[in-house]
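Q: Could you zoom in on one part of this model for me and walk me through what sits around it? I'd like a connected story rather than a list.

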Amino acid sequence: MLQFLKNKFDPNAREIRRLSEMVQAINALEPDCQKLSDEELRAKTEYFRERLGKGDTLDDILPEAFAVVREAARRTLNMRHFDVQLMGGIVLHEGRIAEMKTGEGKTLVATLPVYLNALTGKGVHVVTVNDYLAKRDAEWMGQVYQFLGLSVGVVVHGLSFEERRAAYSADVTYGTNNEFGFDYLRDNMVVDASQLVQRELNYAIVDEVDSILIDEARTPLIISGAAEDSARHYVRFAQIAPQLKPERDYTVDEKAKTIAITEEGLSRVEKILGIEDLFDERNFELNHYLNQALKAKEFFQRDRDYVVTDGEVVIVDEFTGRLMPGRRYSEGLHQSIEAKEGVAVLQESQTLASITYQNYFRMYHKLAGMTGTAKTEEQEFIKIYGMDVVVIPTNKPMIRMDHPDAVYKTEKAKFEAVVREIEERHKTGQPMLVGTISIEKSEKLSHMLKVRGIPHEVLNAKNHAKEAEIIAQAGQRGAVTIATNMAGRGTDIVLGEGVKELGGLHVIGTERHEARRIDNQLRGRSGRQGDPGSSRFYVSLEDDLMRLFGSERIMGLMERLGWEDDQAIDHPQISKAIENAQKKVETRHFEIRRQVLDYDDVLNKQREVIYAQRRAVLLNQDIGTHIADIFGTVFSRLVSQYADDKVIPEEWDLDSLLKGYAEIVGRPPQVTKAELEDMKPAEMAAVLQKEALQAYSLREAEYGSEIMRRIEKMVLLQVTDSRWMEHLRAIDDLREGIGLRAYGQKDPLMEYQFEAFNMFQQLVAGIQEDCLKLLFRVRLVDPSQAQPKDRLQGAQTNQGGEVERAPRKVEDKVGRNDPCPCGSGKKYKKCCGR
């Protein structure tokens with residue numbers, strides 16, 4: 001009875017019933033599709049497009065389109081979509097998240113909504129977690145799309161401009177979240193419409209949606225150029241940090257990842273540097289270098305958080321265990337790690353453009369996602385992205401045996417127990433996948449197995465090139481594979497001959513991850529599609545998760561009971577403590593992500609305004625009207641600044657008003673001070689605007705309308721970009737210090753919103769005034785030279801990282817203080833040499 005009521009009122013069960021009815025309609029069309037020839041099946045694409053052109057919706061053609069894709073997949077890949085996969089496809093088409101257990105064929109599921117939505121001709125993006133999966137899926141599933149007459153593109157690191165643009169022009173485009181995000185930012189930095197690569201953001205399906213939209217949510221995408229050279233400071237403080245001791249010289253908060261210098265530590269640093277006061281105005285910036293050097297020392301470990309290859313510090317993704325070449329820690333932290341490791345310290349960077357994944361993906365007209373682990377985070381998906389989660393049933397019942405955690409007092413005892421289990425199961429020939437959370441731990445375990453003479457493979461970020469080969473063999477009889485989280489997503493371990501009789505693949509987790517989803521991903525490598533399998537996690541009370549968030553009472557209890565180091569505990573209270581520790585961390589991370597979004601939303605609204613105006617200029621939409629509006633706004637603002645109608649006329653500063661006009665137009669107005677005294681502020685603004693427009697029309701007559709529109713376009717883009725970069729730097733500074741407002745009993749977020757709004761108003765006013773000043777002063781040496789230049793030419797772009805500006809070549813005879821050859825009237829260092 002209770003089960004009946006649960007099914008009756010469970011919203012997920014209701015959804016599955018609704019989806020089952022739609023699946024029956026698709027199944028009923030299958031016999032007709034099977035009778036069609038290849039040409040007739042391919043012709044269905046044009047038939048669907050014609051129906052859409054006549055007013056039918058995508059929902060109207062969904063059953064028949066899904067039936068066509070199913071038949072195309074059967075003919076090209078010899079794979080027929082199961083009913084549960086059709087359910088997943090419907091959920092994705094509806095802009096929701098389909099939770100499908102590992103091994104249920106999510107890659108094939110995506111072909112259904114991708115084909116249906118690609119029929120509109122507006123493009124569909126399929127987002128994967130790495131280049132390997134993007135290439136694999138585009139080639140593999142691309143056979144279905146191409147059979148049905150759709151084009152397929154793939155966007156990965158290292159493509160040329162033409163290849164990238166062609167990939168985005170295709171009906172279906174596969175790529176990583178990094179590539180899509182950075183291309184969006186780069187598109188908003190180009191100076192000519194011919195340099196754009198992306199189309200309008202129409203529909204995206206995000207594979208491993210929890211990894212990209214939750215685990216990666218705090219990571220901002222940043223394109224940056226070189227800032228001031230401060231390498232020597234990082235090197236100096238990297239030498240000082242080892243001389244300081246925790247507790248004596250500074251305190252460490254591992255949970256909050258913060259460091260606070262003590263009075264004794266402060267005195268020691270001042271003595272080493274030979275200065276009197278580290279907090280003096282002249283030395284204040286040195287605190288930043290000290291803090292980052294100590295963070296690099298305490299929180300960032302080689303072969304766990306990063307590796308050093310070819311004299312470079314490369315970050316290791318904590319969730320996937322993959323190397324992220326080109327990505328750099330911000331705020332000087334990367335430079336501090338470089339200095340600590342003794343490699344070349346690269347120049348600090350200045351932000352040119354940035355966006356978080358949260359705000360990038362919310363720009364799509366329709367967004368959907370699929371993963372094996374999303375239900376635990378459903379509230380976050382609903383709140384931030386407006387996507388609910390539908391749990392799709394498995395095609396065959398899950399028979400994997402998940403053993404309870406084995407908990408040990410020490411890490412040493414835990415690893416010895418892991419090795420004992422590997423040794424015992426290896427004798428039977430059962431294949432094993434052993435998950436570790438870092439490169440360092442995977443190499444430690446590998447060494448222990450070598451000593452015991454157990455043959456095995458190691459898969460981590462250092463040898464990711466062999467990934468596909470290692471994973472392909474991981475299910476064979478006798479195989480032992482040690483892997484970081486790399487083996488957790490998007491990879492299929494196929495069982496070898498006779499392995500099912502041995503119990504299938506056994507998964508061993510050597511440590512609990514902070515997020516339960518990551519543990520579930522590792523477990524999900526075993527027991528796919530009804531296969532047998534088993535899993536067990538090993539935990540020690542010295543693991544970071546238990547040490548920081550676990551209960552200290554457990555250790556006390558074990559001590560009192562006289563528990564031996566090598567004795568495993570299997571107790572409900574212990575398991576509960578582990579789960580509670582993970583929940584605490586997940587809650588903390590959700591709060592941090594929500595705070596990132598609250599702050600970034602402020603900048604995002606400003607970004608949308610600036611990028612929309614920039615795009616309108618780029619596409620030559622009403623530039624003349626835009627310039628006329630700027631004239632009106634600038635002179636109205638100028639008058640209200642010096643002759644506000646809320647102030648008595650005796651207090652007006654008309655001399656400054658005339659001077660302000662001359663600064664903008666480059667010459668004084670014909671109207672006199674005496675004439676202005678007899679006018680109202682609105683009349684003054686109208687007169688000054690009219691004079692300025694007359695002066696501007698003379699310049700237009702001199703150059704001609706066509707060239708003037710080009711000049712206006714270049715000036716608007718150049719000034720907007722320059723001012724936006726300065727604004728981003730100012731916003732970064734504001735964000736860094738805004739937390740201190742809490743000491744004054746003020747809400748930092750409210751203060752940030754207020755300050756950022758004022759700064760944005762100043763930004764818009766600055767752009768408008770600078771544009772007019774430049775338009776009245778710009779000179780063309782030779783109109784034929786006024787060709788658009790790629791803003792990003794000569795910049796080095798790295799996947800998932802920053803754009804580092806290469807030195808721009810200039811003629812030797814142009815000095816930094818010489819007039820700029822572009823004719824702006826500014827010094828070279830303040831203009832093109834910036």
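A: Let's start with Gln-529, which in this predicted model counts as partly exposed, at 22% relative accessibility. The cut-off for buried is under 20%, so with its 22% Gln-529 doesn't qualify. What makes the residue worth a look is its backbone: phi is positive, about 50°, although Gln-529 is not a glycine. You'll find Gln-529 in the loop between α22 (516-523) and β21 (533-540).

For a comparison, jump to Glu-247. Glu-247 also has a positive phi, about 75°, and is not a glycine either. Glu-247 sits in a loop too, this one running between α13 (231-240) and β7 (250-253). With a relative accessible area of 58%, Glu-247 is exposed, whereas Gln-529 is partly exposed.

Now back to α22, the helix before the Gln-529 loop. Its range, 516-523, takes in Arg-517, and Arg-517 is among the residues nearest the centre of the second largest cavity. Asp-215, Ala-515, His-589 and Arg-593 are the others in that group, out of 13 lining residues. The cavity holds about 110 Å³ of space, and the count of cavities of 30 Å³ or more comes to 8.

Who builds the walls? Both α12 (209-215) and α25 (572-618) put at least two residues into the lining, and α25 gives the most, with 4. By chemistry, the lining splits into 7 charged, 4 nonpolar and 2 polar residues.

A little further along the sequence comes α26, residues 623-642. At 1.5 Å a residue, its 20 residues should span 28 Å, and the end C-alpha atoms are 29 Å apart, so the two agree. Its buried residues are Ile-623, Ile-627, Ile-630, Phe-631, Gly-632, Val-634, Phe-635, Leu-638 and Val-639.

Finally, the backdrop. The chain has 31 helices and 23 strands, and 52% of its 834 residues are buried. Among contacts between residues at least 6 apart in sequence, 73% join residues at least 24 apart. The chain exposes about 38,800 Å², with carbon and sulfur atoms supplying 50% of that area.

Conventions. Residues are numbered from 1 along each chain as its sequence is written. This is a predicted model: local features need pLDDT of at least 70, side-chain atom pairs count only at pLDDT 80 or more; totals for chains, interfaces and linings use all residues. Side-chain values use heavy atoms; hydrogens and water are left out. On a 1 Å grid over the protein atoms alone, a cavity is a set of points where a 1.4 Å probe fits but cannot get out, and a pocket is an open set with protein on both sides within 12 Å along at least five of seven lines; lining residues have an atom within 4 Å of a point. Grid points are joined across faces, edges and corners, and a volume is the space filled by probe spheres set on the points. Ala, Val, Leu, Ile, Met, Phe, Trp, Tyr, Cys and Pro count as nonpolar, Asp, Glu, Lys and Arg as charged, and the others, Gly among them, as polar. The expected span of a helix is 1.5 Å times one less than its number of residues. Buried means under 20% relative accessible area, exposed over 50%, partly exposed in between (1.4 Å probe, protein chains only). Contact means heavy atoms within 4.5 Å. Accessible areas come from the Shrake-Rupley method with a 1.4 Å probe; for residues, only the protein chains shown count as cover.
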